[in-house]
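Biologist: Could you take me through one part of this model up close? I'd like the aromatic pairs and whatever sits around them.

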Amino acid sequence: MYKARNLLAAIDYQKHKDRTQKVTDGKPVFKRHYFKGSDRWGVIPVKEVKGYDYLPDVMKGVYQKRLEDPFTQRTPLVVGENDPRRLASTIRPTQPHPTAELVKRHQSRF
């Protein structure tokens, strides 16, 4: 699923990256935006509405690939070396202590 979501996001980006700025009554449309980093208000251009006319072709391709796939849903999955599911459960370089030990060491402020 991770790979499929990323591929769909990439397709969406490629199809919509060159959208033109929206124009109403001959004037370009902007919207207000607050920039937290500089603590000021500014404007950003409003783009035309996205179109999804390419989606039926993508869906047709996905179904066709699924029909031609020699592996079934019940085939064991081999996880690749760079698969995100192989990441550690925490971002710490060491594993956490058992919860019971952490509870014993915890000191309340009250």
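Modeller: By the ring-centre rule, the count comes to 2 aromatic pairs in this predicted model. One I can describe is Tyr52 with Tyr54: the rings are 6.3 Å apart centre to centre, with 45° between the planes, and that makes the pair tilted. Tilted is the label for planes that are neither under 30 degrees apart nor over 60. The two partners don't sit in equal cover, though. Tyr54 has a relative accessible area of 11%, so it counts as buried, while Tyr52 comes in at 44% and is therefore partly exposed.

Follow Tyr52 outwards and you get to a nonpolar patch on the surface, made of Tyr52, Leu55, Met59 and Tyr63, with about 430 Å² of accessible area together. Met59 belongs to helix H2, and at 45% relative accessibility it's partly exposed too. H2 itself covers residues 55–68, so Leu55 and Tyr63 from the patch fall in that range as well. Why would one helix offer several patch members on one side? An α-helix has 3.6 residues a turn, so residues three or four places apart point the same way.

As for the helix as a whole, its 14 residues reach 20 Å from the first C-alpha to the last, close to the 20 Å expected at 1.5 Å a residue. The number of buried residues among those 14 is 0, so H2 lies largely in the open.

Key:
Residues are numbered from 1 along each chain as its sequence is written. This is a predicted model: local features need pLDDT of at least 70, side-chain atom pairs count only at pLDDT 80 or more; totals for chains, interfaces and linings use all residues. Side-chain values use heavy atoms; hydrogens and water are left out. Helices (H or I, at least four residues) and strands (E, at least two) are DSSP runs, numbered from the N terminus. The expected span of a helix is 1.5 Å times one less than its number of residues. Buried means under 20% relative accessible area, exposed over 50%, partly exposed in between (1.4 Å probe, protein chains only). Patches are made of residues with over 30% relative accessible area and no salt bridge: like charges are joined within 9 Å, nonpolar side chains (Val, Leu, Ile, Met, Phe, Trp, Tyr) within 5 Å. Accessible areas come from the Shrake-Rupley method with a 1.4 Å probe; for residues, only the protein chains shown count as cover. A salt bridge is a side-chain nitrogen of Lys or Arg within 4 Å of a carboxyl oxygen of Asp or Glu. Rings of Phe, Tyr and Trp (its six-membered ring) pair if their centres lie within 6.5 Å; planes under 30 degrees apart count as stacked, over 60 as edge-to-face and the rest as tilted.
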